[in-house]
Amino acid sequence: MATNEQMKGGGRPRRGGPRGQRRERPEYDQKMLNLARVTRVVKGGRRFRFRATLVIGNRKGKVGVGVAKGSDVSDAIQKAFQAAKKNMITVVLTGSSIAHDVTAKYGSAKVLLKPATTGRGLIAGGAVRAVMDLLGAKDIIAKSLGSSNNLNVAQATLLALQKLRTSIETDGGTENPAAV
């Protein structure tokens, strides 16, 4: 039976630790792009599994996309999170945007990313918006062309981000902002 202190507020035992203790924030935020039930046909009938497509990021320049299958939803999400951590890339942002225009293609999905002036906002849709939001870019104009497959669009966005030049050219040569 629950103690008197645990019974506060409606007669239910209180969950969690001592009062005033906050749950620590996870290292990476995550956004589910797609969750699908996939089927394998075998001699005895159909076998069902779940495929999760997940984007993770720390909103400070690190982002990754992961896809995994599992026998239940939570298993698939956990595996996709681990896959996204393995495929994580680091992007050097200039302020709240990217340094220059860039395009990339993955499968038949094509993505165009352009820097925007400060305060313009994140003008993107679908998977591109999810990736850019978790990257931490606040002022971007993006257009997704071709296929609308969430996974291919997210992968094309990552390819475009990898194509960004990491050095800024100055009058006296090149300066690497990552080293400063």
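User: Quick one on Asp-133. Buried, exposed or partly exposed?
Analyst: Partly exposed. This is a predicted model, and in it Asp-133 has a relative accessible area of 34%. That lies between the 20% limit for buried and the 50% limit for exposed.

User: What does the side chain of Asp-133 meet in a salt bridge?
Analyst: Arg-59. The N to O distance is 3.0 Å. Asp-133 sits in helix H2, residues 126-135, while Arg-59 sits in the loop between E2 and E3, so the salt bridge ties together parts 74 residues apart in sequence.

User: Which other residue forms a salt bridge with Arg-59?
Analyst: Asp-29. The closest N and O atoms of that pair are 2.8 Å apart. This pair also links distant parts of the chain, with Asp-29 in strand E1 and Arg-59 in the E2-E3 loop, 30 residues apart.

User: Asp-29 and Arg-59, then. How does each count: buried, partly exposed or exposed?
Analyst: They split. Asp-29 counts as buried because its relative accessibility is 16%, under the 20% cut-off. Arg-59 comes out at 37%, so it counts as partly exposed.

User: How many salt bridges are there by this rule?
Analyst: Three. Besides the two at Arg-59, there is one between Lys-79 and Asp-75, with the closest N and O atoms 3.8 Å apart.

User: Where do Lys-79 and Asp-75 lie?
Analyst: Both are in helix H1. They are four residues apart, about one turn of the helix. Lys-79 is partly exposed at 40% relative accessibility. Asp-75 is partly exposed too, at 23%.

User: Which residues do shared salt-bridge partners join into one network?
Analyst: Asp-29, Arg-59 and Asp-133.

User: Stay on H1. What span should its 14 residues give, and what do the end C-alpha atoms show?
Analyst: The expected span is 20 Å, at 1.5 Å a residue. The end C-alpha atoms of H1, residues 73-86, are 20 Å apart, which agrees.

User: Which H1 residues are buried?
Analyst: Ala-76, Ala-80, Phe-81, Ala-83 and Ala-84. Looking down the axis of H1, the buried residues fall within an arc of 165 degrees, so they line one face of the helix.

User: What covers them? And what does the face turned away carry?
Analyst: The cover includes strand E1 (29-42), E2 and E3. The face of H1 turned away from the buried side carries exposed Gln-78 and Lys-86.

User: New topic, the strands. How do E2 and E3 run, and how many bridges join them?
Analyst: Antiparallel, with eight bridges. E2 covers residues 45-57 and E3 covers 62-70. One bridge pairs Thr-53 with Val-67 in E3.

User: What do E2 and E3 form, and what is the phi of Arg-59 there?
Analyst: A hairpin with four residues between the strands. Arg-59, in the turn, has a positive phi of about 60 degrees. That is the Arg-59 that pairs with Asp-29 and Asp-133.

User: What about E3 and E4? How many bridges?
Analyst: Two, and these strands also run antiparallel. E4 is residues 89-90. Lys-62 has Thr-90 as its bridge partner in E4.

User: After E4, where is His-100 found? Buried or exposed?
Analyst: His-100 is in the loop between E4 and strand E5 (102-106). His-100 is buried, with a relative accessible area of 15%.

User: What does His-100 touch?
Analyst: Leaving out residues up to four places away in sequence, His-100 touches Leu-113, Pro-115, Lys-163, Leu-164 and Arg-165.

User: Leu-113 again. Which nonpolar core residues have the most contacts inside the largest core?
Analyst: Val-63, Leu-113, Val-128, Val-131, Met-132 and Leu-161. That core has 31 residues. Two or more come from each of E3, E5, strand E6 (109-115), H2, strand E8 (140-146) and helix H3 (150-162). H2 gives the most, with seven residues.

User: Pick Val-128. What does Val-128 touch?
Analyst: Val-111, Leu-113, Ala-142, Ser-144, Val-153 and Thr-157, not counting residues up to four places away in sequence.

User: What lies apart from the largest core?
Analyst: Another core, of ten residues. Ala-52, Phe-81, Ala-84 and Met-88 are among them. Phe-81 and Ala-84 are also on the list of buried H1 residues.

Key. Residues numbered from 1 in each chain as written. Predicted model: local features only at pLDDT ≥ 70, side-chain atom pairs only at ≥ 80, totals over all residues. Heavy atoms only, no water. Pairing = 2+ DSSP bridges. Expected span 1.5 Å × (residues − 1). Buried < 20%, exposed > 50% of the residue type's maximum accessible area, 1.4 Å probe, protein only. Arc of directions from axis to C-beta. Contact = heavy atoms within 4.5 Å. Salt bridge = Lys/Arg side-chain N within 4 Å of Asp/Glu carboxyl O. Core = buried A, V, L, I, M, F, W, Y, C linked by side-chain atoms within 4.5 Å.
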